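Thanks for coming. I will go through one structure today, starting with its sheet and then moving to the helices.

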Amino acid sequence: MNSLSVIKGVLFDLDGVLYIGSRAIEGASESVEHIRTAGFTCRFITNTSNLSLVSLQQKINALGFSVTREEIISAPQAARLFLRRQSDPVCRLLLADDIKQDFGEFRQSDTEADYVVVGDIGDVWSYRLLNEVFNCLIGGAKLIAIHKNRFWQTEAGLQMDIGGFIEALEYASGVQAMIIGKPSPDFFQVALDDMGLKASEAVIIGDDIDTDVGGGQLAGLRGILVKTGKYRPAYAEAAKIKPDWIVDSIRDLPAALGL
């Protein structure tokens, strides 16, 4: 771990690293504060797309952390910033109601959209909905995916994520989705720019070997895989992506950083 001595900033994935559902991982808040007190710049990055920025901050802090809204960089917020740079876009929002609050500034239409924005909508998915979106894309709309995760860890176990639906829409329509969140290098660069650090000066710790570790490495960061959350030994061992380091829990990160 000696090469971690050059690290000045830490990007923390949220779900599966700091907490699972409504339960904080043991020792997580203490580890974050230890790292922060030692002078590391911290950002909290997530593909979570069922909570608004306000709700997300409230959830994190209710679990015992002390995180400011400015320290949170979520994929939905990155999508909102992208849409702001477009010319008065009309959107169809396949987003949780809480997240939709953050997109209220944009005109919306279910049939005449310039952009279809897809995030976590739980059990709302149906063949009819997929076909409606398919027809929007065939009609010229662009597809924005908040992320393309395969699965995620819930308190009840692993659950299929939206990646399969995005893949189906791409296949049927021939339209390639713009992936806003992890593992997009642009998403990691937003975080690095916000921290004022080079990629070589930061590390990402996450439970997803594909989007967290692989995405971070693609952007030039070091990637630490944590054995909590969605981590599964067989999946990690079979992956082409190789973490720079593997730790049992977020509790082990301060020691890995030499603290």
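Start with one residue pair: Val226 has Val247 of β15 as its bridge partner. Keep in mind that this is a predicted model. The strand on the other side from β15 here is β14, residues 222-226, and 3 bridges join β14 to β15, the two running parallel.

Now the whole sheet. It is open and has 6 strands, in the order β5-β4-β1-β13-β14-β15, with parallel pairing. Which strands are at the edges? They are β5, residues 72-74, and β15, residues 245-247, and each of them pairs on one side only. On average, neighbouring strands in this sheet are turned by 25° against each other, ignoring direction.

Next, the helices that lie across these strands. Helix α3, residues 75-84, lies across β4 (41-46) and β5, and runs at about 70° to β5. Helix α7, residues 185-195, lies across β1 (9-13), β4, β5 and β13 (202-206). Its direction is about 155° to β4.

Last, a helix pair. Two packed helices are described by the angle between their axes and the distance between the axes. For α5, residues 127-138, and α6, residues 163-173, the angle is about 45° and the axes are 10 Å apart. That angle makes α5 oblique to α6. The crossing of the two is right-handed. On the α5 side, the contact is made by Leu130, Val133, Phe134, Leu137 and Ile138; α6 contributes Phe165, Leu169, Ala172 and Ser173. By class, this contact has 8 nonpolar residues, 1 polar and no charged ones.

How values were computed: Residues are numbered from 1 along each chain as its sequence is written. This is a predicted model: local features need pLDDT of at least 70, side-chain atom pairs count only at pLDDT 80 or more; totals for chains, interfaces and linings use all residues. Side-chain values use heavy atoms; hydrogens and water are left out. Axes are lines fitted to C-alpha atoms, for helices over the stretch in contact, and angles run from 0 to 180 degrees between N-to-C directions. Helices (H or I, at least four residues) and strands (E, at least two) are DSSP runs, numbered from the N terminus. Angles under 35 degrees count as roughly parallel, over 145 as roughly antiparallel, 65 to 115 as roughly perpendicular and the rest as oblique. A crossing is left-handed if the near helix is turned anticlockwise from the far one by less than a right angle, and right-handed if clockwise. Contact means heavy atoms within 4.5 Å. Ala, Val, Leu, Ile, Met, Phe, Trp, Tyr, Cys and Pro count as nonpolar, Asp, Glu, Lys and Arg as charged, and the others, Gly among them, as polar. Two strands pair if DSSP finds at least two bridges between them.
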